[in-house]
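User: Please take a close look at one part of this structure. I would like to follow the sheet and one residue in it.

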Amino acid sequence: MDLSSIRSAYRRYARYYDGSFGRVFAPGRRYTMQFLNAEPGRRVLEVGVGTGISLPEYRRDAAIVGVDVSPDMLEIARKRVETHGLTNVEGLYEMDAEALEFPDDAFDVVVAMYVASVVPDPERFVDECRRVCKPGGEILIINHFASQQPLIRGLEKAVRPLSRLLGFRPDMELDDLPQRPGLECLGVYPAHLLGYWKLVRYRNGVSGAPASEDEAEETLLEAS
């Protein structure tokens, strides 16, 4: 994976992304928005904002900044902001997720929806998300991670050589997300039917042992 192949892939996807991928990802996106909209008045960075399909779903008292590496996707996102009159969107910028052009501690929440398997270096990506997130803030990453079902896992491995063409790695492991001292994993939640996509929720700057997936699901059930 490299930036050139990612831009090329999403140039192809831009025109029909909302009608295809957008619909497929909708349940996980809605699930993630429950966490994003849980508190008022937060400043949120959406990394990999794409066509901005999620932007109308944010509560209006949140201040939203979006970044993406694809200018073609951002063009659609800017039109969406104008069409919907989304005055709470502070700006949409072409930017590399591994080199965010924001100061440290700039956001209350950083969210990346279906981005972790797109970026070339997941460790740099997570480190940058953490850098721009305030101590005590949240980092939310929703993504497809490699299946534990042998047949599906085999298919994911088989198409791995097509990653550059597809614009994402189909066999990314959950363990590919780095663990960092002080980055507390609050839980790993199934965000779609059969848990094909998972939401990984972190708190930044707070020490603690990562929660297991079973513990995370139990916590979510207790909170609902």
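Analyst: Here is the sheet, then its helices, then one residue.

The model is predicted, with local features needing pLDDT of at least 70, side-chain atom pairs counting only at pLDDT 80 or more, and totals for chains, interfaces and linings using all residues. Residues are numbered from 1 along each chain as its sequence is written, and side-chain values use heavy atoms, leaving out hydrogens and water.

Seven strands form an open sheet in the order β3-β2-β1-β4-β5-β7-β6, with mixed pairing. Strands (E, at least two residues) and helices (H or I, at least four) are DSSP runs, numbered from the N terminus. Strands pair if DSSP finds at least two bridges between them. β3 (89–94) and β6 (183–190) are the edges; each has a single partner strand, so one side of each lacks a neighbour in the sheet.

β4 (residues 107–113) and β5 (residues 133–144) run parallel, joined by six bridges. Val110 has Ile139 in β5 as its bridge partner. Helix α2 (residues 21–36) packs on the sheet and touches β1 (43–47), β4, β5, β6 and β7 (197–204). Contact means heavy atoms within 4.5 Å. Helix α3 (residues 71–84) also packs on the sheet, touching β2 (63–68) and β3.

Now the residue. Asn204 lies in strand β7. Asn204 is buried, at 5% relative accessibility. Buried means under 20% relative accessible area, with a 1.4 Å probe and protein chains only. Asn204 touches residues including Lys134, Pro135 and Leu183.

Notes:
Axes are lines fitted to C-alpha atoms, for helices over the stretch in contact, and angles run from 0 to 180 degrees between N-to-C directions. Buried means under 20% relative accessible area, exposed over 50%, partly exposed in between (1.4 Å probe, protein chains only). Lists of a residue's contacts leave out its neighbours within four places in sequence.
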